[in-house]
Each structure stands twice: as structure tokens, then as C-alpha cells.
Amino acid sequence: MPEITISGFGDEISSDFETQLRCKADMGIHAIVLRGLWDTNIIDLNEDQKQKAKEILERYEFQVSSIGSPVGKCQLDAPPHEEIERFRRAVDMAVFFQSKYIRVFSFYPPEGDPLDIHTDAVLERMRTFVEMAREAGVVMVLENEKGLYGERGDRVAQILNAIDAPELKMAFDPANFVQAGQRPFDECWPLVKEHVIYLHVKDAVLEDGHVVPAGQGDGQFPQLLAALKERGYTGFASLEPHLQVAGHSSGFTGPEKYAMAADILRGLLDQAGFTHG
């Protein structure tokens, strides 16, 4: 296995699942994050869609790097059973598509509330998810994102350190830290580096938060990749370029800009001394 396996969110290319795989294969990429298939979120696929998706994956010989679930990207004061059910479906999809990883989030706290009064509620929900993940033999990768409880490095570290379970690790997203007003490598990496097992490839500019190709913003990709190389990182780097649309629950890049983003990532990996495929 290469040190870095390039993957990415297929719905950044097209809503049609087979088009996602065909375009990625043409780019030399054979791993995918399952998030949107035929304008349907991965956790909402029906049985026919699941079987069709699996057949297409096998035909194109693709690996599923993670289930790009929306779990935890909701209000913290929403009924807990609703998100537990959504996570159960995400676990089912991970097992069905033979993915080790499920992407999760850390909830939106009620606006205006001090974050500290919601720490216990966030941790309680995460511990419930951890137990479910443990039973299924899968691992959650917690993504940092602006506006969530874990938007900043210290809050992500707080969650991961408090849970301290092999079933909960981190998907490091440099652009999302930038959009939360932080320098990802300088301010966040030292706090979370021991938990990072997955990388999202997206960059942004501190001044106004707009998204740019990796290495062209304030995401500090050269420093981050150098540190990962020194640590001996082996795993996925998943493209999430958002170069045309950066939405609340998804983004869109299109095949041409996606191919450009993949080439830029390969250049960055080469500069850091990674082998990749």
C-alpha cells in the first residue's frame, strides 16, 4: 500500500455515482468517500441503491475510504434518538461497503450559550457512538468544522482526550480550521496530532474564509505534510476541494477542477517525500 492513498468526495464531481467513479478512475484515483449518490445522502440510500452502488464499486475496483456521514452536524438540543438512529445507519453503510472509517461531527451548540455548559452533553453523545462503533468494528473520524462545538483545535482535543478510545480519532481539515480563524499547523496540530488518522484536503484564506486549492491558502499544507511524513503517516488523503460551491452539507468542484486539485495534491505529496497512489 502506498504511504498515502488519494481518495475524495465523489459528489464533488457529479450527482451520478457511476460518473463519480469513472471520472476519478480517469484521474488515477481508486478510492472514494461515500457522501452523496444520485442526490441522496449515503445514510439515506434504500436497498436497491445500496446494491447498485456496491456493484458499480466492484466493477470499477474502488475502495471506500470512509462513509461521509452527516452525523453530529445538527443542533445539540435535538432529540438524541434521532442522531443515534442516523449513526446506526452510518454504521450499517460502513459494514456493507467495507469501510473502516465513518466521518462524524461535534454538534451545533445553542447560539449564544457558553460552550463549557454543553461539554457533558457532547461527550455523552460521543460515548454512545463509540459503543456502537466498537460493536461493529469501525472507527469514527471526527472532523473539525466552523460553528460546531469542536470548531477549534482545543475543543477537538478536549473531546478526543476525554473519550480516549480507539474508536474515535480525527479527520484533520485544514480549511475548516482556517475558517474558524486558526492557523491549522501552528495552533491546532500540536493539540491533536496524536489522534489524527485521516486527512481532508481543502484550503482556505484567513482573511475572508474563501476556499482555494491546497497549498494556495493559509492551511499550512507544506508544514502539515512534512510533520505527517516525519511521523510515518500511512493512510488516506481525501480531496474535498469545494472549488465551485462550498455548501453547508456538501460542496461541488466539477471534474476539471477536481482533476486540477488532484494534480496539486500529488505535487504537494511529492514535495513532502510521500509515495502515493
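Buried here means under 20% relative accessible area. Keep that cut-off in mind for the close-ups below, which all come from a predicted model.

**View 1. Phe107, a buried residue with a positive phi.** Phe107 has a relative accessible area of 0%, so it counts as buried. You'll find Phe107 in the loop between β6 (101-104) and α4 (119-136). Its phi is near 75 degrees, a positive value in a residue other than glycine. For background, most residues other than glycine have a negative phi. Now look over the ring: the charged end of Arg125 sits there, 5.0 Å from the centre of the Phe107 ring.

**View 2. Gln220, another non-glycine residue with a positive phi.** Gln220 isn't a glycine, yet its phi is positive, at about 55 degrees. This residue belongs to the loop between β11 (211-212) and α8 (221-231). With a relative accessible area of 10%, Gln220 is buried too.

**View 3. Tyr101 and Tyr198, an edge-to-face pair.** Searching the whole structure turns up nine aromatic pairs. One of them joins Tyr101 and Tyr198, with 5.8 Å from centre to centre and 75 degrees between the planes, which makes the pair edge-to-face. The two partners come from distant parts of the chain: Tyr101 is in strand β6 and Tyr198 in strand β9 (residues 196-201), 97 residues apart. Tyr101 counts as buried at 12% relative accessibility, and Tyr198 is buried at 1%.

**View 4. An aromatic cluster, plus a lysine over a ring.** Four residues make up one aromatic cluster: Phe172, Phe177, Phe185 and Trp189. In a separate frame, the charged end of Lys50 sits over the ring of Phe96, 4.6 Å from the ring centre.

**View 5. The largest nonpolar core, with Leu34 picked out.** This core has 79 residues, and those with the most contacts inside it are Phe17, Leu34, Phe87, Phe97 and Phe172. Helix α9 (residues 255-272) gives the core its largest share, seven residues. There's also a second, separate core of nine residues, including Val33, Ala171, Tyr198 and Phe236. Back to Leu34: setting aside neighbours within four places in sequence, Leu34 is in contact with Phe17, Ile42, Leu57, Val64, Ser66, Ile67, Gly68 and Phe97.

Key. Residues numbered from 1 in each chain as written. Predicted model: local features only at pLDDT ≥ 70, side-chain atom pairs only at ≥ 80, totals over all residues. Heavy atoms only, no water. Core = buried A, V, L, I, M, F, W, Y, C linked by side-chain atoms within 4.5 Å. Buried < 20%, exposed > 50% of the residue type's maximum accessible area, 1.4 Å probe, protein only. Helix = DSSP H or I, 4+ residues; strand = E, 2+ residues; numbered from the N terminus. Contact = heavy atoms within 4.5 Å. Phe/Tyr/Trp six-rings, centres within 6.5 Å; stacked < 30°, edge-to-face > 60°. Lys NZ or Arg CZ within 6 Å of the ring centre and 35° of its normal.
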